[in-house]
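Please walk me through this structure in the viewer, one selection at a time. I would like to know what to select next and what is there.

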Amino acid sequence: MSTIDVAPENAHDAHGHDHDHDHPSFLAHHFDTPEQQFDSGKLGIWLFLVTEVLFFSGMFCAYAIFRNLKPEVFEGNSQFLNTKLGAINTGVLLFSSLTMAWAVRCSQTEEYKKLTGMLAATLSCAMIFLGVKSIEYSHKWGMGLLPAGSFFYDPANPHPTAAQITSYGFSENVAFFLQNSLYFLCAPFLMVLIGVVIWLVVATIQGNKFQKACALPLAVVSLCFFVGVGLGMILESGGSEGHGADHAMADHAMVDGGHASHDHGDHDHAVGEHSHDEAHASEEALAGGDLSIRQRLASDATNSGLQSELEARRQQTAMASGAVVAQGGQVEGGITSATENVFTPRTAGVFFSIYYCMTGVHAIHILGGIGVLVWLLIRSVRNDFNRQYFGPVDYVGLYWHLVDLIWIYLFPLLYLIR
């Protein structure tokens, strides 16, 4: 949509001087008409969005390459991602797209109070998204589900203490941060909330209506971050996913000697029990006096080589199944492949490197969107926008829709691949 003719009441510049041609206050001096200014801005924001698409395309290409090389790693480690949290965030962002589009319409129709409300609703959704994301990140950091090079998750001890984390080569400060990362993530938002509340109280006491009109919705927006944190804690701690799934994964990994790559959700229960019994029968049939020692050592997630050896011996024993091969005879078949442990620091670290890179960059874009939305909210309280000048709201709306669209792709690619 383009702007329309200039209203006579706006036919002066920002300094209050008349020129040889009508120039409204919102029209930059280097543009002749509001329509030219709007079209130029629209072209600029589309060019910016193209660069954003190219930027994220590189990360999506990296995802496609690594997943094609190690599909089992992505499917196995995806079980650590809480689908409910991802679905909640997807719904929150979709609703924010609706409120953002509604805000653009309100700016065109000069419904100022509704415009402020829609912008505040969009900001609140963004804050809830970040609150839920903070729970996801802090939970995984405490478990050691970190990018390659820092990954230290141990299925036998999924929730290590700070002292245990230092044994993986981290300093005491880093271990303390990983154990209390949620507090560090919440601290900046808590300070913002306190600052906005103080601003609101001072504006109320002084009777400054403009500042009060700005501070009141921003206080609600700041509070919504902690609503997201509470929602994330409830969903992460309950149910069969998230926190519960982590423990189930740890128990399964310990029982199977670290081979936790089985698909818990999709396997038939009877088949799972059969495989479990078969694995134990194979273990009992294995010979060798050092077997118990090997099994004990293999419970350490870092002994991937020993785990693979034990798995190969189990399969070999299962295939032999008591048959006797005469001397000089040939045995057809054999073990051609062994199940790879997808939870080693090297393999799982690749998945979480891509996970943090893609979702982290997306979260940074959310933070950037929050900044410009706050700017729009203050301007909407000031009634800066009208049917002739609504370009900034439209441009930010396009940016916000792109950010939401990127998450629509991230959610199934990371959370729903198992």
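A residue counts as buried when its relative accessible area is under 20%, and as exposed when that area is over 50%, with partly exposed in between. The model on screen is predicted.

Start with aspartate 394. Its relative accessible area is 13%, so aspartate 394 is buried. Now add lysine 42 to the selection: the two residues form a salt bridge, and their closest N and O atoms are 3.3 Å apart. Colour helix 1 (residues 34-69), where lysine 42 lies, and helix 14 (residues 391-415), where aspartate 394 lies; the pair therefore ties together parts that are 352 residues apart in sequence. Lysine 42 has a relative accessibility of 19%, so this residue also counts as buried.

Next, select arginine 387 and glutamate 110. Their side chains meet in a salt bridge of 3.4 Å, N to O. Arginine 387 is in the loop between helix 13 (345-381) and helix 14, while glutamate 110 is in the loop between helix 3 (83-109) and helix 4, so this salt bridge links parts 277 residues apart in sequence. Arginine 387 is partly exposed, with a relative accessible area of 45%. Glutamate 110 is partly exposed too, at 29%.

Move to helix 4 (residues 112-143) and pick out glutamate 136. Is glutamate 136 buried or exposed? Its relative accessible area is 0%, so glutamate 136 is buried. Show lysine 133 as well: the side chains of glutamate 136 and lysine 133 meet in a salt bridge of 3.2 Å, N to O. The two are separated by about one helical turn, because they are 3 residues apart in helix 4. Lysine 133 counts as buried, at 3% relative accessibility.

Keep glutamate 136 selected and display what surrounds it. Beyond its neighbours within four places in sequence, glutamate 136 is in contact with Leu85, Asn89, Tyr355 and Tyr415. With tyrosine 415 there is also a polar contact of 2.7 Å between the side chains.

For the remaining charged groups, select Arg379, Arg382 and Asp384, which are joined into one network by salt bridges that share partners. In total the structure holds 6 salt bridges.

Finally, bring in the record. An unreviewed UniProt entry carries the annotation "transmembrane region" for several spans, including residues 86-104 and 182-202. Select residues 86-104: the span is 100% helix and 0% strand, and its end C-alpha atoms lie 27 Å apart. Residues 182-202 are likewise 100% helix and 0% strand, with end C-alpha atoms 30 Å apart.

Notes. Residues numbered from 1 in each chain as written. Predicted model: local features only at pLDDT ≥ 70, side-chain atom pairs only at ≥ 80, totals over all residues. Heavy atoms only, no water. Helix = DSSP H or I, 4+ residues; strand = E, 2+ residues; numbered from the N terminus. Buried < 20%, exposed > 50% of the residue type's maximum accessible area, 1.4 Å probe, protein only. Polar contact = N/O pair within 3.5 Å; in protein donor to acceptor, adjacent residues only side chain to side chain. Contact = heavy atoms within 4.5 Å. UniProt positions renumbered as here; feature names shortened; annotations may be inferred. Salt bridge = Lys/Arg side-chain N within 4 Å of Asp/Glu carboxyl O.
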